[in-house]
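Here are my notes on the structure shown below, set out as numbered points. They start with the overall make-up and then turn to individual sites.

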Amino acid sequence: MSSDTSNTSNTSTTDSTTTSTSTTSNTSTSTSTPTAESTGTTGSGSPAPTESGQPAARRGLMGDLSLSAVLAGFVAVVVSYSGPLVIVLAAATAGHLNQAQTGSWVWAISIGSGLTCIGLSLRTKMPVITAWSTPGAALLVTSLGAYSYPEAIGAFLVTGVVITLVGLTGVFGWLIRQVPTAVVSAMLAGILFSFGTGLFTSLKTAPWIAGPVLLAYLLGKRWLPRYAVLIALATGVVCSAVTSRLHVDLHSIELARPVLTTPEFSVASLIGIAVPMILATLASQNAPGMAVLTASGYRPKDRLLIGSTGLVSTLLAPFGSHAINLAAITAAICTGPESHRDPKRRYVAGVACGAFYLLIGAFGTTLVVFFAGLPKELVAAIAGVALLGALAGGLTGAVTEEKDREAALITFLTTASGVTLLGVGSAFWGLVFGVVSHLVLTRWRTTRAGAKAPQPATK
């Protein structure tokens, strides 16, 4: 009798301990980088099964809606139109495009980004942020004037088709998945590093804007963490207006009128525009974009994401879209904890970002002047505080495994340097140098050590 009681007591104690351990483990998991399990999906966007084997019930978009996620999407759009779009407008000027063609170009890349953000975020339940190819636009600043506009459109069309095919084959995604996690995290940290420092360099030129933004963010983070970025943004706008740094001119607002251009194809434009555009978009945009999602704990389906953005690029190329791709910097704003503390609800930021893209894109260049009127220090400060969480996550992931720290450091330094080699940006070279360093310092060393291990003596 006493034996049975003892066994029962021990069993109860064991169960209690197991339950406690399980609870502790689950709590720890929920505060770390989100995995496929913590995001509530299987990596393909499907709900994770419950213990009974049935798919877990999923709330709709309205049930997952949050102000912090919508704000993250808005900040991402502000950063896109305040910086990368300026390069597009410079390329349009260099290519001698008229106002109608420029407006159609802005419309096409905005609508393409908006549709892919909304569609892919809803489909995958991940915060998929897309944008136009910034290095591609930079390429056009120097090359667009050498070709006729129809020839450029033909090159854009070929670019979209090739990227679609590359994405659908799955080869690109397979290569990205071979990169060690620490290297991916270090590359993310390197991408965001300049934005983190930009917050403080803005203190020199606009202390009465950047300073209050940082203070408001810290106070908001202490007492209202979900709305810290909103408080910082509101404070920055007020300070910009008080210091007479806010210049917004919206005299005329009208809907954009897309211009359909019949493409022309030439060997010169394909070599001079399409080939470098393909390489720059895949290496400098889609690779970091996939890495940002991976570093944030999601398992993106490369065929769906790369293939879809390539297809949309192809369809909108006749209207001026040079390339739609996965975003990296603006994606980090929406995939981090500032978007929402629950990774399963951060996809709302992607939907909100897409909605803002569609709204602004519908008016072409007429609404762009609003963002052009924002002080660059305000944009830098808001981007800086919005990316602090993602930057901290990248640095943490880079140094978690001791054996990968040197490779991660090389990746971080290469990416943060901003170096451009062979026309390809530093994020790609950070991955390349990081992977090579990882192979030299760990995998190859392990192989040689195994080969030199003493063999057991035989009689």
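1. A residue is called buried here when its relative accessible area is under 20%, and exposed when that area is over 50%. On that basis, buried residues make up 48% of the 459 residues in this protein, which is a predicted model. The protein has 20 helices and 2 strands, and of the contacts between residues at least 6 apart in sequence, 82% join residues at least 24 apart.

2. Helix α7, covering residues 149–169, is a useful check on helix geometry: its 21 residues reach 31 Å from the first C-alpha to the last, close to the 30 Å expected at 1.5 Å a residue. Just after α7 comes glycine 170, with a positive phi of about 85 degrees.

3. The count of aromatic pairs comes to 9. In one of these, the ring centres of tyrosine 81 and tyrosine 357 are 5.9 Å apart and the planes stand at 65 degrees, so the pair is edge-to-face. Since tyrosine 81 belongs to helix α3 (residues 67–82) and tyrosine 357 to helix α15 (residues 347–361), the pair ties together parts that are 276 residues apart in sequence. Both tyrosine 81 and tyrosine 357 are buried, and ring pairs link Tyr81, Trp132 and Tyr357 into a cluster.

4. Helix α3 also holds serine 82, whose C-alpha is 9.2 Å from that of proline 375 although the two residues are 293 apart in sequence. Once its neighbours within four places in sequence are set aside, serine 82 is in contact with Phe371, Leu374 and Val379.

5. Two residues other than glycine deserve a look for their backbone angles. Lysine 125 has a positive phi of about 60 degrees and is placed in the loop between α5 (99–124) and β1 (130–132); with 15% relative accessibility, lysine 125 counts as buried. The same lysine 125 lies over the face of tyrosine 347, at 5.1 Å from the ring centre. Serine 244, in the loop between α11 (228–242) and α12 (267–295), likewise has a positive phi, near 60 degrees, but serine 244 is exposed, with a relative accessible area of 51%.

6. In helix α9 (residues 181–205), serine 202 counts as buried at 6% relative accessibility. A polar atom of the serine 202 side chain lies 2.7 Å from the backbone oxygen of glycine 198. Not counting residues up to four places away in sequence, serine 202 touches Pro207, Ala210, Glu377 and Ala380.

7. How many disulfides does the model contain? The count comes to 0. Cysteine 117 is in no disulfide, and the nearest cysteine sulfur, which belongs to cysteine 353, is 4.2 Å away. The sulfur of cysteine 334 also has its closest cysteine sulfur in cysteine 353, at 5.4 Å, which is too far for a bond. Cysteine 117 counts as buried, at 0% relative accessibility, and cysteine 334 likewise counts as buried, at 0%.

Note on methods: Residues numbered from 1 in each chain as written. Predicted model: local features only at pLDDT ≥ 70, side-chain atom pairs only at ≥ 80, totals over all residues. Heavy atoms only, no water. Helix = DSSP H or I, 4+ residues; strand = E, 2+ residues; numbered from the N terminus. Expected span 1.5 Å × (residues − 1). Phe/Tyr/Trp six-rings, centres within 6.5 Å; stacked < 30°, edge-to-face > 60°. Buried < 20%, exposed > 50% of the residue type's maximum accessible area, 1.4 Å probe, protein only. Lys NZ or Arg CZ within 6 Å of the ring centre and 35° of its normal. Polar contact = N/O pair within 3.5 Å; in protein donor to acceptor, adjacent residues only side chain to side chain. Contact = heavy atoms within 4.5 Å. Disulfide = S-S within 2.5 Å.
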